[in-house]
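Dear colleague,

I am handing over the structure below, together with some notes on what I found when going through it. Please read the notes with the coordinates open beside them.

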Amino acid sequence: MLLIENIGVLATPQGTLATAESTVVTLKNAYVLCDNGKIVEIGTGKAPEFSCDRLDANGCLVTPGLIDAHTHLVFGGWREHELSLKRQDVPYLEILAQGGGILSTVKKTRSASLEELSEKALGILQEMLCLGVTTCEAKSGYGLDVDTELKQLRVTQELNELQPIELVSTYLGAHALPREYKDDREGYLALMEALLPRIKEENLAEFCDVFCETGVFSADEAERILRAAQKHDLQAKMHADEIDPIGGTERAAGLGAVSVEHLIAATDAGIEAMKNSGTVAVLLPATSFYLDKPYARARDMLQAGVPVAVASDFNPGSCPSFNLQLAMNLACWKYRFTAEETLNAVTKNAAAALLRADRLGTLEVGKQADLVLWDANNLDYIFYRFGQNLTKTVIKNGKIVYMKGL
Ligand code: NIG
Ligand code: FE
């Protein structure tokens, strides 16, 4: 048992469903009792005399652990050489069309061993934990061949056991068309489809995602892969409207996708379709920043009743930062989100985008005890002090897994 006492402000969304409204409950002078990895009691005032380990929060802010619902965690190499191309305004899709971009990371991921990929991703996860992230989605998609896609997924599976952050695995075989299939789209899609039963059998992923974009995969192709994935009991996600709105969002919503992600160029029809299907919009403001693109119409989505999650999109190309706090700051400035809307977007709604809102994303009795203690006395302060990591202590599954300075 662990008692976290003397909490100045406990701020948390509530419930088990993704919502466009963000009613964050704040309790002053609170305590939280955790047992067996779960929250068993929340109260205010002086904590009762439980016989258990005690953690003095010293009057600080406590929130649910942060959930990063969209990352490309496992990959070989980095792509700093693209910086000079970006400076010359060479478009992201043109770098890809020239065999760079995703395809250059594919080369490095294919040639890296499972151990190398694992060691690198483990280092990243350790840093994410210090930023308050307690759950993280991880997509494959830098293999684009059977062995390397499986290698990436296996790294995620192994890392789930090796460190405290809960990983949620997504198969993204349709991330780009590899060079060896450039004249055989059908052959590639069939190959990636054929991998689905094996992924399911070995429990290597829960979700399947497709990059639906001009010059990558069309809405028809994306729909085909996701329908096949659903037949094998993988839940659908889609990268759509990142650069051009080519109809992916509407298709994803039509097949009941759990989330559509990016949505920078989302149309009214796309927003309407997500609203009707209850799909979560996973927005990635740090990618808009790094690609120097517009910001998604987040306010329009909330107003239409679409629940919004905010994630990092960490990857070596369009967002080489895994700092979810940076994405949160950008949500505040660029989406004009309130602190409460942003918190909802990186906790409860992010949990819903990973089908875990019954268990994660809020601080309520019965939920998993994943908490962040902040070097802050109120919620606004963590958005105000941008560029600083204000995480003080992180608790995962009822255990202290990070303490600043230790
Ligand atoms: O989410 N858009 C597609 N995939 C990633 C970028 C991958 C890369 O550039 O390596 C994204 O932005
Ligand atoms: Fe992405």
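Let me begin with the strands towards the end of the numbering, bearing in mind throughout that this is a predicted model. Strand β14 (residues 371-374) pairs with β15 in the antiparallel sense, the two being joined over 4 bridges, and within this pairing Val372 stands opposite Val394 of β15. Strand β15 (residues 391-396) is also joined to strand β16 (residues 399-403), again by 4 bridges and with the two running antiparallel; here Thr393 has Met403 of β16 as its bridge partner. β15 and β16 make up a hairpin that leaves 2 residues between them, and Asn397, which sits in the turn, has a positive phi of about 55°. As for the surroundings of β15, 6 of its 6 residues are buried, so the strand is largely enclosed by the rest of the structure.

The other item is the metal site. The iron ion (ligand 2) has as its protein donors His70, His72 and His239, each through NE2, and Asp313 through OD, at distances of 2.0 to 2.3 Å. Along the chain these donors follow the spacing H-x1-H-x166-H-x73-D. Because His72 belongs to the loop between β6 (66-68) and α1 (82-87) while His239 belongs to strand β10 (residues 235-240), this pair ties together parts that are 167 residues apart in sequence. His72 counts as buried because its relative accessibility of 2% falls under the 20% cut-off, and His239 is likewise buried, with a relative accessible area of 2%.

With best regards

Methods: Residues are numbered from 1 along each chain as its sequence is written. Chains are lettered from A and ligands numbered from 1 in the order in which they are written. This is a predicted model: local features need pLDDT of at least 70, side-chain atom pairs count only at pLDDT 80 or more; totals for chains, interfaces and linings use all residues. Side-chain values use heavy atoms; hydrogens and water are left out. Donors are N, O and S atoms within 2.8 Å of the metal (3.2 Å for Na, K and Ca); water is not among the atoms, so sites may look incomplete. Buried means under 20% relative accessible area, exposed over 50%, partly exposed in between (1.4 Å probe, protein chains only). Two strands pair if DSSP finds at least two bridges between them.
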